[in-house]
Amino acid sequence: MKAKFAPGKLLIHLLFIFVTLCMIVPFILVISISFTDESSILDNGYQFIPSDFSMKAYEYIFKAPILLLRAYGVTVLITVAGTLLSLLITAMLGYVISRRDFRYRVPATFFIFFTMLFNGGLVPSYILITQYLFLQNTLWALILPSLVSPFYIMIMKGFLTKMPFEIIESAKMDGARELRIFFTIVLPLSTPALATLGLFISFGFWNSWFPSLLYIDNEKLIPIQLLLVRMLQSLEFLTSNSDFVNQFGVDTSELPTLSARMAMAILAGGPMVFIFPFFQKYFVKGLTVGSLKG
């Protein structure tokens with residue numbers, strides 16, 4: 001049977017192709033610029049195919065490989081630990097307020113929802129972390145502020161609300177306790193929602209640099225994002241004060257300012273691009289099934 005031509009489907013396909021190109025083309029351009037010689041960029045502008053291939057931007061960034069690898073290690077550690085802890089707490093809170101036999105479900109849900117509208121603010125958070133919890137210059141200062149998100153809890157609640165309550169009642173009749181029900185029944189059935197939220201949470205921890213700017217003075221605990229920000233600031237300082245810096249024999253015209261920015265963007269966000277395919281299996285299902293529900 002010959003398929004009928006559907007203009008509506010063609011328009012939808014063209015729309016998605018356009019959106020995909022809008023995302024992929026700039027990423028390819030960023031990769032290309034990071035491998036282009038600085039003088040070529042100044043002469044010809046940004047090009048998809050480098051007219052003068054150069055690795056100077058990456059050579060500048062990798063001048064101190066130990067510093068870079070240590071920063072990567074800190075970022076990976078806080079991303080993995082923070083994501084696992086955040087998922088566990090989010091699932092626990094979402095499960096509790098989704099149980100219809102929980103007496104305080106409504107006030108607990110309102111309390112969590114209220115924090116989506118109002119929070120303590122920057123100064124009270126800083127005082128709490130540094131003066132009361134004494135977490136300054138520890139990895140907990142990078143994990144704790146982003147550990148719980150009320151928005152993710154509400155998404156988890158929406159997913160768990162659709163889970164048949166008869167499953168939990170059957171487990172109770174078989175003698176299972178609450179912790180066993182949660183870890184052996186609820187969590188395995190929540191894989192799509194956990195995978196989707198885990199992806200968002202891991203992105204948040206990976207790209208986070210502001211908590212480290214506030215709470216970390218120890219150079220050994222600096223994550224990759226803050227390290228790249230400092231490198232970029234150093235480049236901008238050297239190029240904007242070239243007359244002063246040239247007195248010390250430093251030729252600022254040789255510094256790969258523009259290409260280094262793109263190389264930093266690749267190093268900062270590149271690893272997370274390879275993580276997404278592992279979550280793709282659950283991503284769409286988690287977004288649709290775990291949609292918000294009042």
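Biologist: Which residues of H10 do Leu88, Ala91, Met92 and Tyr95 in H4 meet?

Modeller: In this predicted model, these four residues of H4 meet Glu178, Ile181, Phe182, Phe183, Val186 and Leu187 in H10. By class, the contact of H4 with H10 holds nine nonpolar residues, one charged residue and no polar ones.

Biologist: How should one describe the way in which two helices pack?

Modeller: Two packed helices are described by the angle between their axes and by the distance between those axes. Here, the axes of H4 (residues 65-98) and H10 (residues 178-189) come within 12 Å and cross at roughly 110 degrees. Angles of 65 to 115 degrees count as roughly perpendicular, and therefore H4 is roughly perpendicular to H10.

Biologist: How many cavities of 30 Å³ or more does a search of the whole structure find?

Modeller: Rolling a probe the size of a water molecule over the atoms shows where empty space is left. In this structure, the search finds two cavities of 30 Å³ or more. The largest cavity has a volume of about 40 Å³, and the second largest holds about 30 Å³ of space.

Biologist: Which residues line the largest cavity?

Modeller: Its lining is formed by Leu67, Arg70, Ala71, Glu219, Lys220, Leu221, Ile222 and Leu227. H4 gives the most to this lining, with three residues. The classes are five nonpolar, three charged and no polar residues.

Biologist: What are the classes of the residues in the lining of the second largest cavity?

Modeller: That lining divides into five nonpolar, two polar and no charged residues. The residues concerned are Ile78, Leu142, Ser208, Trp209, Pro211, Ser212 and Pro223.

Technical notes:
Residues numbered from 1 in each chain as written. Predicted model: local features only at pLDDT ≥ 70, side-chain atom pairs only at ≥ 80, totals over all residues. Heavy atoms only, no water. Axes fitted to C-alpha atoms, helices over the stretch in contact; angles between N-to-C directions. Helix = DSSP H or I, 4+ residues; strand = E, 2+ residues; numbered from the N terminus. Parallel < 35°, antiparallel > 145°, perpendicular 65-115°, else oblique. Contact = heavy atoms within 4.5 Å. Nonpolar A, V, L, I, M, F, W, Y, C, P; charged D, E, K, R; others polar. 1 Å grid on protein atoms, 1.4 Å probe; cavity = no way out; pocket = protein on both sides within 12 Å on 5 of 7 lines; lining within 4 Å. Points joined across faces, edges and corners; volume = space filled by probe spheres on them.
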